[in-house]
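Work through the exercises below with the sequence and the coordinates open. Each task is followed by a solution in steps.

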Amino acid sequence: MSRQSSKKAHEKITELSWEPTFADRLINNGAWGPRDGEGGLRRVATLVARGVTPTEVFSAVAEELARVLGVDNTGLFRYEPDGSAILVANGTESGVKKVPVGTRLSLEDEHVAAMVLRTGRAARINSYENAAGSIAAHLRELGIRSAVGAPIVVDGRLWGAAVVGSTRPEPLPPDTEARIADFTDLVATAIATAQTRAELTASRARIAADADVRAEPELRELAEIQAALRRLAMLVARGEPPEAVFAAATSEALRHFGGGTARMIRYELDGTATLLANEGTTGPHVRVGKRWEDYPPTGLTATVLSTGRAARVDDYGDIPGGEPYLREGLRSAVAMPIHVNGRLWGAIAVGSGQGPLPPDTEQRMTEFTDLVATAVANAQTWGALEASRDELARLLEEQAALRRVATLVARGIHPVEIFLAVAEEVRRLLGADSAGIARFEPDGASVVVVGGVGEVPVKLPAGTRVELRDYIAPAVVWRTGRSALVNEDLWSSASDRIAEGLRELGIRSMVASPIIVEGCMWGVVNALSTRGPFPPDTADRMADFTELAGTAVGNAESRAEVAASRTRIVAAADEARRRIERDLHDGAQQHLLALALRLRSAATAPHESDEIRTEITNVAAELTDVIEELREISRGIHPAILSSAGLRPALRALGRRSTIPVDMDVRIDGRLPEPVEVGAYYVVSEMLTNATKHARASVVEVDAEASGGTLRVCVRDNGVGGADPQRGSGLVGLKDRIEALGGTFSLHSPPGGGTTVSCDLPVMAGGGQPDPDR
């Protein structure tokens, strides 16, 4: 730089002198009235005159307001562009709990900071008792009954508000607004002074540039910084993981701005910070990936968090808590905030073992922090996209599983099979070690295992009864009627057999959801994990499956009721047939037989006329024919041989009476349940009748076998085929009868291809009724 240009720059800088500030005038003139208490205004004004940072002024004003006014809580708020307010300092006089610095308030609720923003003037609320909004509710929890706020105006613009609150029952005094105003003027002066200094620094930089003071080394450094920025930009553009960008940015920051160290931190939601990257010096307090603790309350981390702006420490020997950094070999440092999507996300800092870092360090680091913010924003966007894709995939998988189970329910599959399907789908979707279905006993003291799947070493077979304990999920479901999720801490100290079993198996978490059938608690779907607690939403994800399980149980019970009803109807019809057959045999048939015998006896007696004798003989013969027809009718109503001898002789009797040749093969030993024998008999009887009257068949094959708990009957003819149940052939009645007994009925009758009827009937040992659930 030439001497002449240097002289011009010096003259220009000299012109930028300071005007006396409000604080200077206040100190010099002694302008305090009796309201000042013990000199609180003078102490704050002294700080402003010394040029301390606005953050220190904010803290001092908050504490002095609490002391001078004798209030319980004070706070300084900065209004943000998004319409919220951030607490930048707080104070208390009576030990009332403070609201944490950095707290963001919504300005839509009813409180004095919102009122100051809306009006631009001082505001008060004499009672929060009926104030609306979450902030008012929180203040009531803190015991705050009344509050007063005054605006902080900087260069004609509303910057923020100072607020004081009281727990006393009476409102704050009428002069509170005016007394706060003296302090807000000092706050505004401190902010304006800091802004002026910043402008002066920028002006000096511009003057130096205008005077062409940048030497060759500076140009070279600028080129290197630009190259570093390009390298970082390439990492961001390629979508490298944020960790790689963090490490690269920290390394580049140390190379170009720091003289000893460079670090990056992330602010957490609980107000703590995490160290993400470190380059250069280190110490016991430096643990990458861990919480960044024990940092000075007035140091870089705390200042950036409270203000959201750049911060610097020119000498760690001058701030409380700076000793670890001095031992590390650091003397000064600068930190820059990293804002992501309008929110303070973290900070990047550089430190030096020499004197204060250059005044333009903050400005030169801005582009680095912008690139880091872009990398974080990109990662968050990709993370949200991936999370959305994962959620969509999870939902699709759940819907597919629900469709599979719903299909089984719609097909009327036996509930046990549906239970196993539900258990398997739940186990797979939740990543559980095992899952199962259990039915509550009526007293709620235990459950009965219905079915389960999984990899837990001990599997409970169906039918096992398990006593309920308060610490297991099904017991909670029984008590509350709602889904439940419990973890190992509940059974870790229990000493009974079930708790010991859970510990031996390594079960760490258990979730259960109720199965409701017709408004009543029927049972639970239960899942176990040995890998750690289930996520909080696990029980909600099970709800659809338990609803399907409940539908399956309800359907099965309905089918069982229908089947039992149909069985009772068939049994009642058979009983009515037996009664009619018995009444005919014991009543009308016997009476007609007696009349026939009397007529024959009369015919053999001497008569005067041969014509009378002949007529009596003819009537007796016709009466005998009527008796035979009545016997045939009674056999069709209910064959006596079936009741007395069983199915095998009854079928053979049908074959002998048939007018068409019958190839009969009956492999039945002993008696079968009466409804089964009657059903099979009527199938064979009806098909022989159809073959004779309609099929024009020349032969009929009958095959019947009882084995493996099932009676199988097949009747086949070689007639014209084309049998249609809808034409009233009696086939519909046969099908209903067989299905009412829990069996199956099938008809195959192509035109010209004969007719085949097959049926399977379940046979219970001991001659009992078939299982309606089958």
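**Exercise 1.** Classify Arg104 by its relative accessible area, then find its salt-bridge partner and say where the two residues sit.

*Solution.* The model is a predicted one.
Step 1. The relative accessible area of Arg104 is 39%. Buried requires under 20% and exposed over 50%, so Arg104 is partly exposed.
Step 2. The side chain of Arg104 meets that of Asp82 in a salt bridge, with an N to O distance of 3.2 Å.
Step 3. Asp82 lies in the loop between strand 1 (73-79) and strand 2 (84-91), and Arg104 lies in strand 3 (residues 104-106). The two residues are 22 residues apart, and the pair links distant parts of the chain.
Step 4. Asp82 counts as exposed because its relative accessibility is 55%.

**Exercise 2.** Which residue forms a salt bridge with Asp496, and which parts of the chain does the pair link?

*Solution.*
Step 1. The partner is Arg469, and the closest N and O atoms are 3.8 Å apart. The cut-off for a salt bridge is 4 Å.
Step 2. Asp496 is in the loop between strand 15 (484-487) and helix 15 (497-505). Arg469 is in the loop between strand 14 (465-467) and helix 14 (473-480). With their positions 27 residues apart, they link distant parts of the chain.
Step 3. Arg469 has a relative accessible area of 24%, so it is partly exposed.

**Exercise 3.** Examine the salt bridge of Glu80: are Glu80 and Arg78 buried or exposed? Then give the count of salt bridges and a network among them.

*Solution.*
Step 1. Glu80 pairs with Arg78, and 2.6 Å separates the closest N and O atoms.
Step 2. Both Glu80 and Arg78 are buried.
Step 3. The count of salt bridges is 23.
Step 4. Salt bridges also link Asp665, Arg667, Asp703 and Glu705 in a network.

**Exercise 4.** Describe the largest nonpolar core and the elements that supply it.

*Solution.*
Step 1. The largest nonpolar core has 36 residues. Those with the most contacts inside it are Leu647, Leu651, Tyr681, Val684, Leu711 and Val713.
Step 2. At least two residues of this core come from each of helix 19, strand 18 (662-667), helix 20 (674-695), strand 19 (700-707), strand 20 (710-717), helix 21 (731-740) and strand 22 (755-762).
Step 3. Helix 20 gives the largest share, eleven residues.
Step 4. For background, nonpolar side chains tend to be buried together in soluble globular proteins.

**Exercise 5.** Which residues form a positive surface patch, and in which helix is Arg656 placed?

*Solution.*
Step 1. The patch is made by Arg648, Arg652, Arg656 and Arg657.
Step 2. Arg656 is in helix 19, which covers residues 647-657.
Step 3. Its relative accessibility is 63%, so Arg656 counts as exposed.
Step 4. Helix 19 also supplies at least two residues of the largest nonpolar core.

**Exercise 6.** Find the places and the accessibility of Asp155 and Arg696, two residues with positive phi.

*Solution.*
Step 1. As a reference, most residues other than glycine have a negative phi.
Step 2. Asp155 has a phi near 50° and lies in the loop between strand 5 (146-154) and strand 6 (157-166). Asp155 counts as exposed because its relative accessibility is 66%.
Step 3. Arg696 has a phi of about 50° and lies in the loop between helix 20 and strand 19. Arg696 counts as exposed because its relative accessibility is 66%.

**Exercise 7.** How many of the eight residues of helix 10 are buried, and what follows the helix?

*Solution.*
Step 1. The buried residues in helix 10 are Leu300, Thr301, Ala302, Thr303, Val304, Ser306 and Thr307.
Step 2. Seven of the eight residues are buried, so helix 10 (residues 300-307) is largely enclosed by the rest of the structure.
Step 3. Thr301 serves as a check: its relative accessibility is 11%, so Thr301 counts as buried. The C-alpha atoms of Thr301 and Ile348 are separated by 9.5 Å, and the two residues are 47 residues apart along the chain.
Step 4. Gly308 follows helix 10 and has a positive phi, near 75°.

Key. Residues numbered from 1 in each chain as written. Predicted model: local features only at pLDDT ≥ 70, side-chain atom pairs only at ≥ 80, totals over all residues. Heavy atoms only, no water. Patch = residues over 30% accessible without salt bridge, like charges linked within 9 Å, V, L, I, M, F, W, Y side chains within 5 Å. Areas by Shrake-Rupley, 256 points an atom, 1.4 Å probe, with all protein chains shown as cover. Lys, Arg positive; Asp, Glu negative; His and termini not counted. Charge placed at Lys NZ, Arg CZ, Asp CG, Glu CD. Helix = DSSP H or I, 4+ residues; strand = E, 2+ residues; numbered from the N terminus. Buried < 20%, exposed > 50% of the residue type's maximum accessible area, 1.4 Å probe, protein only. Core = buried A, V, L, I, M, F, W, Y, C linked by side-chain atoms within 4.5 Å.
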